[in-house]
Amino acid sequence: MTAPLLRLEDVWKSFDGHDVLRGIDLEVAAGEVVALIGASGSGKSTLLRTVNLLEPIDDGRIWLDGADISDPRVDPDAVRARIGVVFQQYNLFPHLTVLANITLALRHVHRTSKRDAAAAALALLERVGLADKADVHPDRLSGGQQQRVAIARAVATSPALLLLDEITSALDPELVAEVLDLVRSLADDGRTIVMATHEMAFARDVADRVVFLDDGRILEQGPPAEVLVAPREPRTREFLARFT
Ligand code: ADP
Ligand code: MG
């Protein structure tokens, strides 16, 4: 057994005395795609944010590639440089062109030369089907195109781990597929992905494992064919019934 790429060990987090994460234990192997499902408020975003060190945890430990990133002495920027993140919306810097959005981290965090960063960004834009949009600003793009750029930006630095937080939830229904297709192709590349999602059909297709979060606890997890099709827990069944 190789060590997991990501490991959360008994992670607790509260806001204003209210426990939002209540003893999360989770391991994600390199190359694994994990879908995080659960009702609104169950703690999905908070969980993802603790991994990216956007929320300090109250107790427990988080390991990335064998290093304890919950140690207060770690440099959060060094950790974030190894993690790509896409949120539901407001991902792109509005004052920068599409190309500059993608090259920013390459140039400033990874110290890539201007020429190499631009070449890498253009290759990525080609891949996400937006090479002709390199020089426009994000407000000229559809929501689906913006999310595809946000994904291109998130993978530009070749992060070890991708965190996707309901990246299609704010999109018009006809724009969801183009974004999910891109996530599917990243999964096919063997990237390690943890994604909070309400797209159950997609999770069933693409995820290696589905994790059901209920009020800050992992109530049930396993292969999609088990958790989504034949859940053991009544609360999982109750949650999934909303999607049928
Ligand atoms: P989900 O992503 O599953 O909808 P969240 O992680 O966003 O759930 O939220 C879990 C709970 O934590 C909710 O009750 C939410 O109101 C609360 N919460 C999240 N972030 C904060 C915050 N910064 N301050 C106070 N409460 C928060
Ligand atoms: Mg959320």
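Select Ala-29 to start, and you will find this residue in the loop between β2 (18–28) and β3, where helices (H or I, at least four residues) and strands (E, at least two) are DSSP runs, numbered from the N terminus. The model on your screen is a predicted one, in which local features need pLDDT of at least 70 and side-chain atom pairs count only at pLDDT 80 or more, while totals for chains, interfaces and linings use all residues. Residues are numbered from 1 along each chain as its sequence is written, and chains are lettered from A and ligands numbered from 1 in the order in which they are written.

Is Ala-29 buried, partly exposed or exposed? Ala-29 counts as partly exposed, because it has 16 C-beta neighbours inside 10 Å; a residue is buried if 20 or more other C-beta atoms lie within 10 Å of its own, exposed if 12 or fewer, and partly exposed in between, with C-beta atoms placed from the backbone. Now add Pro-4 and Leu-5 to the selection, since Ala-29 is in contact with both of them when its neighbours within four places in sequence are left aside; contact here means that the C-beta atoms of two residues, placed from the backbone, lie within 7 Å.

**From Ala-29 to Asp-65**

Next, select Asp-65, which is 36 residues apart from Ala-29 along the chain, with 9.6 Å separating the C-alpha atoms of the two. Asp-65 is found in the loop between β4 (59–64) and β5 (67–68), and it counts as partly exposed because it has 14 C-beta neighbours inside 10 Å. The strands β4 and β5 form a hairpin with two residues between them, and Asp-65 in the turn has a positive phi of about 50°. The pairing of β4 with β5 is antiparallel and runs over two bridges, where two strands are said to pair if DSSP finds at least two bridges between them. To see one such partnership, select Leu-64 together with Ala-67, its bridge partner in β5.

Stay with β4 and bring in strand β1 (residues 6–15), in which Asp-10 lies. β1 and β4 pair in the antiparallel sense over five bridges, and Trp-12 has Asp-59 as its bridge partner in β4. Asp-10 has a positive phi of about 50° although it is not a glycine, and it is partly exposed, with 13 other C-beta atoms within 10 Å.

**The open sheet**

Now show the open sheet of six strands, whose order is β6-β7-β8-β3-β9-β10, with mixed pairing. The strands β6 (83–86) and β10 (217–222) stand at the edges with a single partner strand each, so one side of each is left without a neighbour in the sheet. From one strand to the next, the twist averages 15°. Within this sheet, look at strand β3 (residues 33–37) and strand β9 (residues 209–214), which run parallel and are joined by four bridges; Ala-35 stands opposite Val-210 in β9.

**Helix α1**

Select helix α1 (residues 44–51), where seven of the eight residues are buried, so the helix is largely enclosed by the rest of the structure. The buried residues are Lys-44, Ser-45, Thr-46, Leu-47, Leu-48, Thr-50 and Val-51. After α1 comes Leu-53, whose phi is positive, near 60°.

**Two helices against α5**

Which helices should be shown for the last stop? Begin with helix α4 (residues 114–127) and helix α5 (residues 143–156), which pack at an angle of about 135°, with their axes 10 Å apart; axes are lines fitted to C-alpha atoms, for helices over the stretch in contact, and angles run from 0 to 180 degrees between N-to-C directions. That makes α4 oblique to α5, since angles under 35 degrees count as roughly parallel, over 145 as roughly antiparallel, 65 to 115 as roughly perpendicular and the rest as oblique. Select Ala-120, Ala-121, Leu-124 and Leu-125 in α4, which meet Ala-152, Val-155 and Ala-156 in α5.

Finally, add helix α3 (residues 98–108), which packs with α5 at an angle of about 20°, their axes being 8 Å apart. That makes α3 roughly parallel to α5. Here Val-98, Asn-101, Ile-102, Ala-105 and Leu-106 in α3 meet Val-149, Ala-152, Arg-153 and Ala-156 in α5.
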